[in-house]
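Got your viewer open and a free hand on the mouse? Here is a short tour, one selection at a time.

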Amino acid sequence: MLEGIIFGIAQGVAEWLPVSSEGVIVLIKTNFFGGGGLESIVKFALFLHLGTALAATIYFRKDVAEILKTLFHYKRATLENKNIFNFLFISTLISGILGLILIKLLSGADDALGQSSKIINFTVGGLLLITAYLQFKKKKISSIRTPENIKTSDSVIMGIVQGFAALPGLSRSGLTVASLLLLKFDEEQALRLSFLMSIPIVLAGNVLLNIKDFNPSPENLLGFLFSFIFGLATIHILLKVAKKINFAYFVLIFGLFMVAIALL
């Protein structure tokens, strides 16, 4: 029971930070709860993601409702809603294919995976620090990009980026937020799009990988519940903080976080 609560809290807090929630689950499981096969732990982490995906769905319920309306009334939808729908569809499809391939390659790759994760986290952290510098230097002007001018190339790039987050040690939120900022999206939209991206990929991943072996044990259900509760609480806090402070400081903290993780 305690194990499920601990994993749920870890997932709920880590999902929105530039820290790999899967990596955190793997570390806790390996060091404190007897470990297990890397692939099986990743699948368990994916199940816990359902809690944070539900949290994101509730927090962005208006956006989700608009996306569902677009699905059934595409021709009548606004340009922004069409672009977001296309963005999520294409990026999820690419992420799903790439993620499945990477998960199948996980067995026996622990050492190489750890080294590559450190390199990528350090690189992404460095790019975030550069982004923070540019944020500090830029003038107070309107956002360069918004969902109304999302391109297909953006969807492809973000699909690939999110797909690599299937590897434990790589932060999904860190990778996607950094990439969206480097693609010159508005700061608030970078967070919004990143968190919306988590919903369909988590649902699709659980249907493909976990539905056959789903075990509604008290431990799993507690993990889901606490993942949802802490996910909803922390996403609210994170977005409130991002709005109240200079976003350059927010990005700077993200960058320092990822560099520190890579050096540990």
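## A stroll through the helices

Start with the pair H5 and H7, whose crossing is right-handed. Keep in mind as you go that this is a predicted model. To find the pair, select residues 79-104 for H5 and 152-164 for H7; their axes come within 7 Å and cross at roughly 35°.

Now show the side chains where the two helices touch. On the H5 side, pick out Asn86, Phe87, Ile90, Ser91, Ile94, Ser95, Leu98, Gly99 and Leu102. Facing them from H7 are Thr152, Asp154, Ser155, Val156, Met158, Gly159, Ile160, Gln162, Gly163 and Phe164. Colour this contact by class and you get 9 nonpolar residues, 9 polar ones and 1 charged.

**Stop at Gly99.** This residue sits in helix H5. Is Gly99 buried or exposed? Its relative accessibility is 8%, so Gly99 counts as buried. Look for what Gly99 touches beyond its neighbours within four places in sequence: you should find Gly163 and Ala166. Then draw a distance from Gly99 to Gly205, C-alpha to C-alpha: they are 8.7 Å apart in space, with their positions 106 residues apart in sequence.

**Zoom out for a moment.** How many helices and strands does the protein chain have? Count 11 helices and 0 strands. Walking from the N terminus, the order of elements reads α-α-α-α-α-α-α-α-α-α-α. The chain has 264 residues, and 50% of them count as buried. Take the contacts between residues at least 6 apart in sequence: 80% of these join residues at least 24 apart.

**Next, H4 against H5.** Keep H5 on screen and add H4, residues 61-72. The two helices pack at an angle of about 90°, and their axes are 9 Å apart. That makes H4 and H5 roughly perpendicular to each other, because angles of 65 to 115 degrees fall in that class. Which residues meet here? From H4, select Glu66, Ile67, Thr70 and Leu71; from H5, select Asn81, Lys82, Ile84, Phe85 and Leu88. By class, this contact of H4 with H5 has 5 nonpolar, 2 polar and 2 charged residues.

**Now the nonpolar core.** The largest one has 33 residues. Which of its members touch the most others? Select Trp16, Phe87, Leu88, Leu180, Leu191, Leu193 and Phe195. Helices that give two or more residues to this core are H3 (38-59), H4 (61-72), H5, H8 (172-182), H9 (187-209), H10 (218-244) and H11 (247-263). H9 gives the most, with 7 residues. Apart from this core lies another one, of 10 residues, among them Ala10, Ala45, Phe47 and Leu48.

**On to H8 and H9.** Their axes are 9 Å apart and the helices pack at an angle of about 140°. H8 and H9 are therefore oblique to each other. Check the handedness as you rotate the view: this crossing is right-handed. To see the contact, select Arg172, Ser173, Thr176, Val177, Leu180 and Leu181 in H8, together with Glu187, Ala190, Leu191, Leu193, Ser194, Phe195, Met197 and Ser198 in H9. The contact of H8 with H9 divides into 8 nonpolar, 4 polar and 2 charged residues.

**Peek into the loop between them.** Leu183 has its place in the loop between H8 and H9. What is Leu183 in contact with, leaving aside its neighbours within four places in sequence? Show Arg145, Asp154, Ile157 and Met158. Draw the line from Leu183 to Arg145: it spans 8.3 Å, C-alpha to C-alpha, for two residues 38 apart in sequence.

Lys184 is found in the loop between H8 and H9 too. Check its backbone: phi of Lys184 is near 70°, a positive value in a residue other than glycine. For background, most residues other than glycine have a negative phi.

**Last stop: Ser217.** Move along to the loop between H9 and H10, where Ser217 lies. Is Ser217 buried or exposed? With 17% relative accessibility, Ser217 counts as buried, because the cut-off is under 20%. To finish, link Ser217 to Gly4: the pair is 213 residues apart in sequence, and 9.8 Å apart in space, C-alpha to C-alpha.

Notes
Residues numbered from 1 in each chain as written. Heavy atoms only, no water. Axes fitted to C-alpha atoms, helices over the stretch in contact; angles between N-to-C directions. Helix = DSSP H or I, 4+ residues; strand = E, 2+ residues; numbered from the N terminus. Left-handed = near helix turned anticlockwise from the far one by under 90°. Contact = heavy atoms within 4.5 Å. Nonpolar A, V, L, I, M, F, W, Y, C, P; charged D, E, K, R; others polar. Core = buried A, V, L, I, M, F, W, Y, C linked by side-chain atoms within 4.5 Å. Buried < 20%, exposed > 50% of the residue type's maximum accessible area, 1.4 Å probe, protein only. Parallel < 35°, antiparallel > 145°, perpendicular 65-115°, else oblique.
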